[in-house]
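Biologist: I have a model open on my screen. Can you show me how to read its main features?

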Amino acid sequence: MEWKPNLEIVTEERHRFFLYYTYIAGWVISDDPNTKVGATLVRKTGTVYRMLARGANILPSNFERASGELERAFSERCVTEGANAFAELLSDRAWKNGQMRHAEKVVIEQAKAYGFKVKGSTMYMPWIPCTPCAEEIMQAGIVELIGHKAMIMKTPERWWESTNTALENLKKTGVRCCMYDGSIGNVFSLFNGEIWTP
Ligand SMILES: [Zn+2]
């Protein structure tokens, strides 16, 4: 089997520009020690493209919003025991995957919290959304999704099926799914434990 994601290729400079900020968001904000994914929402008003919000894959509390029992315990433990406790908890992959909130969901919530209308906007997210995130994107009325070909091509085989399903669902709802073909420059990214330069 070969990985041939079915996405429209785009090369306009503005896509490189917004992907640059999306990678920065992932690198700076993400809590994930293995794969840092950012997401941004952009809306065109007249001739101006405006960035509404930025997000990344983060833990639910992000040390500020400890709502559930588990989150509170996690937050308390990290505050009292320091960074080692944080690293130790995050190295438990099952725990981490169960806790981590995905960048797509985070950025949609963030834009709404700022009072922006999300419907009709473009989402930049270098990778391909998982099926639940694709659902969030469709429900939010996002009309365009721009990924980065260099990152999409790194998708491990175990995720091909679910990412293909997500793409099919998005396209059925009329979301334009694209990938920028070109290098971004001046930014680092972490994918599957490997630092690379998009
Ligand atoms: Zn997701």
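Modeller: We will take the sheet, then one helix, then the core. Keep in mind that this is a predicted model.

Biologist: Start with the sheet. In what order do the six strands lie?

Modeller: Read across the sheet, strand by strand. The order is S1-S6-S5-S4-S2-S3, in an open sheet with mixed pairing. Strand S1 (8-10) and S3 are the edge strands, since each pairs on one side only. From one strand to the next, the twist averages 30°.

Biologist: Which strands pair in the antiparallel sense over eight bridges?

Modeller: Strand S2 (residues 38-45) and strand S3 (residues 48-56) do. To check the register, look for residues that face each other: Val 42 stands opposite Met 51 in S3. The two strands make a hairpin, with two residues between them. In that turn, Gly 46 has a positive phi of about 65°.

Biologist: And where do I find a parallel pair?

Modeller: Go to strand S4 (residues 122-124) and S5, which run parallel and are joined by three bridges. Tyr 124 has Ile 146 in S5 as its bridge partner.

Biologist: Which helix lies across S2, S3 and S4?

Modeller: Helix H5 (residues 103-113), which runs at about 125° to S3.

Biologist: Now a single helix. How do I read its sides?

Modeller: An α-helix has 3.6 residues a turn, so residues three or four places apart point the same way. Take H8 as the case. Its buried residues are Ala 166, Leu 167 and Leu 170. They cover an arc of only 100° around the axis, so they sit on the same side of H8. The face turned away from that buried side carries exposed Glu 161 and Lys 172.

Biologist: What covers the buried residues of H8?

Modeller: The cover includes helix H6 (131-139), strand S5 (144-148) and strand S6 (176-180).

Biologist: How far apart are the end C-alpha atoms of H8?

Modeller: They are 18 Å apart. At 1.5 Å a residue, the 13 residues of H8 (residues 160-172) should span 18 Å, so the two agree. Just after H8, Gly 174 takes a positive phi of about 95°.

Biologist: Last, the core. Which residues touch the most other members of the largest nonpolar core?

Modeller: Ile 137 and Leu 145, out of 41 residues. H5 gives the most to this core, with five residues. Follow Leu 145 outward, leaving aside residues up to four places away in sequence: the residues it touches include Met 123, Ile 137, Leu 170 and Cys 177.

Technical notes
Residues numbered from 1 in each chain as written. Predicted model: local features only at pLDDT ≥ 70, side-chain atom pairs only at ≥ 80, totals over all residues. Helix = DSSP H or I, 4+ residues; strand = E, 2+ residues; numbered from the N terminus. Expected span 1.5 Å × (residues − 1). Buried ≥ 20, exposed ≤ 12 C-beta atoms within 10 Å, placed from the backbone. Arc of directions from axis to C-beta. Contact = placed C-beta atoms within 7 Å. Pairing = 2+ DSSP bridges. Axes fitted to C-alpha atoms, helices over the stretch in contact; angles between N-to-C directions. Core = buried A, V, L, I, M, F, W, Y, C linked by C-beta atoms within 7 Å.
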